[in-house]
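Thanks, everyone. Let's take a quick tour of a structure that may be new to you. Have a look at it first.

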Amino acid sequence: MIKMTIPATTRLSIVKSILSLFLIATVACTWPLWSADRYYPVFPGLAFLSSVNMIVAYAIPALLIISLVLAFLLRNPRFFIFLATVLCVSLLLLDSGRLQYWFYFYFLLLVVLLGYNWRVDSIHHYTSTFNAVKVVLVLVYLLAALQHFRADFIHVQWPAFIKPFERFWTPEQCAYLLKIAYVIPALELFVSVSLFFGGAKIAGISFSILFHVFSLIVIFLQPQIEIAVVLWHFCMILLVLFVFGGSTTTQKNYSFAFGLYPVCMILLFGLALPFYCYFNDKPMKNRIDLMQSNNAVQYIYLTEESRDKLPLYIQSFAMQKENEFYKLNITAWGLHETKTKQVLGSAHLMKLTSDLNTNYGADALVAVPITENTSGVIALK
């Protein structure tokens with residue numbers, strides 16, 4: 001696979017096919033997240049979208065699947081890539097809870113491929129699009145490295161990530177595994193750089209696959225598996241192999257070709273928007289992270305009277321009690337119903353409690369975990 005020689009145009013077609021297939025599979029496996037037919041509340045991006053007809057909520061994801069199937073089958077799928085991009089934006093506006101990092105990654109690749117005309121008339125044009133795809137893939141490892149250089153990764157996130165190994169490894173073996181945390185950020189940074197250099201590219205590809213395989217092992221050790229994340233890891237492995245593996249016939253002459261469109265899209269959607277959301281405390285807290293460090297369990301605190309007003313299905317996630325309050329495990333509730341892990345900020349937590357109050361008359365206290373200080377919570381009325 002590493003020694004293969006495939007033209008850039010063929011590689012772009014492979015990227016398009018991989019992206020279409022995995023996005024179709026992800027939407028199909030997490031259908032409750034897209035159809036909005038659930039108890040778990042919808043978080044509309046705009047207030048007036050909360051009254052959108054249920055038929056529309058079903059039609060948009062169905063149209064997305066159809067457009068992706070046609071994009072996979074056709075040799076010139078530009079219109080259907082455009083249609084899929086518009087439908088993805090519509091789905092995010094109807095429910096910002098769909099703003100998972102894996103879905104945003106698929107969306108960014110769609111936006112980049114939208115600038116390609118699927119012709120071979122200009123070598124600079126398709127090479128520019130191919131290089132933009134490379135940059136999008138490398139950004140995953142670069143952003144993960146920047147996150148993991150923080151001190152809490154070594155002392156909090158990594159120990160929580162490898163905790164499943166404590167079930168069958170000895171304390172001494174787990175202690176050795178804990179020490180690996182010190183080299184993880186450096187290896188991720190090495191991967192993000194080495195993929196662009198021929199001499200170190202094989203090592204970079206090997207380490208990137210190793211990261212994803214190790215993450216998959218840990219995910220399968222969890223009591224509840226987030227299938228969308230599993231598919232994303234497999235998608236990343238295939239994309240890294242087919243985008244960076246081997247060489248292209250034009251790699252030596254046009255390796256630095258880059259157009260205005262892909263530059264603007266990557267700067268806007270790949271860097272500016274994610275950093276804006278991260279530093280401005282936007283509601284969704286899911287982050288691109290190979291080690292899945294979004295492991296905090298979020299609760300809503302209910303009195304016994306308020307808990308009894310909820311449907312029995314929702315009550316099944318509020319069996320634990322702390323002092324005089326029942327703890328509604330919204331992390332487990334969201335994962336069970338939407339098939340995805342919803343890491344909510346304070347705005348979405350307050351919206352969720354408001355919906356519980358409006359729909360069932362249940363008053364609540366909201367506990368917002370502080371990621372920077374794991375020793376406490378903020379209680380909001």
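Start with two residues: W102 and F103 are both buried. This is a predicted model, by the way. Now look at their rings. The centres of W102 and F103 are 6.4 Å apart, and the planes stand at 80°, so this pair is edge-to-face. In total, the structure holds 24 aromatic pairs.

Here is another one. F165 and F168 also make an edge-to-face pair. Centre to centre, that is 5.8 Å, with 65° between the planes. Are these two buried or exposed? Take F165: its relative accessible area is 5%, so F165 is buried. F168 has 47% relative accessibility, so F168 counts as partly exposed.

F165 and F168 also belong to a cluster. Which other residues are in that aromatic cluster? They are F153, W158, F161, W169 and F214.

Three of those names take us to a helix. Helix α7 covers residues 151-161, and F153, W158 and F161 are buried there, along with Q157. Why are these four on the same side of α7? Because they cover an arc of only 95° around the axis.

Now turn the helix round. The face of α7 turned away from the buried side carries A151 and H155, and both are exposed.

What do the buried residues of α7 pack against? Four helices. Here they are, with their residues:

- α6, 123-148
- α8, 171-179
- α9, 184-194
- α10, 198-220

Next, charges over rings. I have two examples. K16 lies over the face of W118, at 5.9 Å from the ring centre. R307 lies over the face of Y326, and there the distance to the ring centre is 4.4 Å.

Let's zoom out. How many helices and strands does the protein have? There are 17 helices and 5 strands. The protein has 381 residues, and 51% of them count as buried.

What about contacts along the sequence? Take contacts between residues at least 6 apart in sequence: 74% of these join residues at least 24 apart.

Last, the surface. The accessible surface of the protein comes to about 17,700 Å². Carbon and sulfur atoms account for 67% of that.

To recap, keep two pictures in mind. One is α7, with F153, Q157, W158 and F161 buried and with A151 and H155 exposed on the face turned away. The other is the aromatic cluster, which includes F153, W158 and F161 from that helix, and F214 as well. Thank you.

Methods
Residues numbered from 1 in each chain as written. Predicted model: local features only at pLDDT ≥ 70, side-chain atom pairs only at ≥ 80, totals over all residues. Heavy atoms only, no water. Buried < 20%, exposed > 50% of the residue type's maximum accessible area, 1.4 Å probe, protein only. Helix = DSSP H or I, 4+ residues; strand = E, 2+ residues; numbered from the N terminus. Arc of directions from axis to C-beta. Contact = heavy atoms within 4.5 Å. Phe/Tyr/Trp six-rings, centres within 6.5 Å; stacked < 30°, edge-to-face > 60°. Lys NZ or Arg CZ within 6 Å of the ring centre and 35° of its normal. Areas by Shrake-Rupley, 256 points an atom, 1.4 Å probe, with all protein chains shown as cover.
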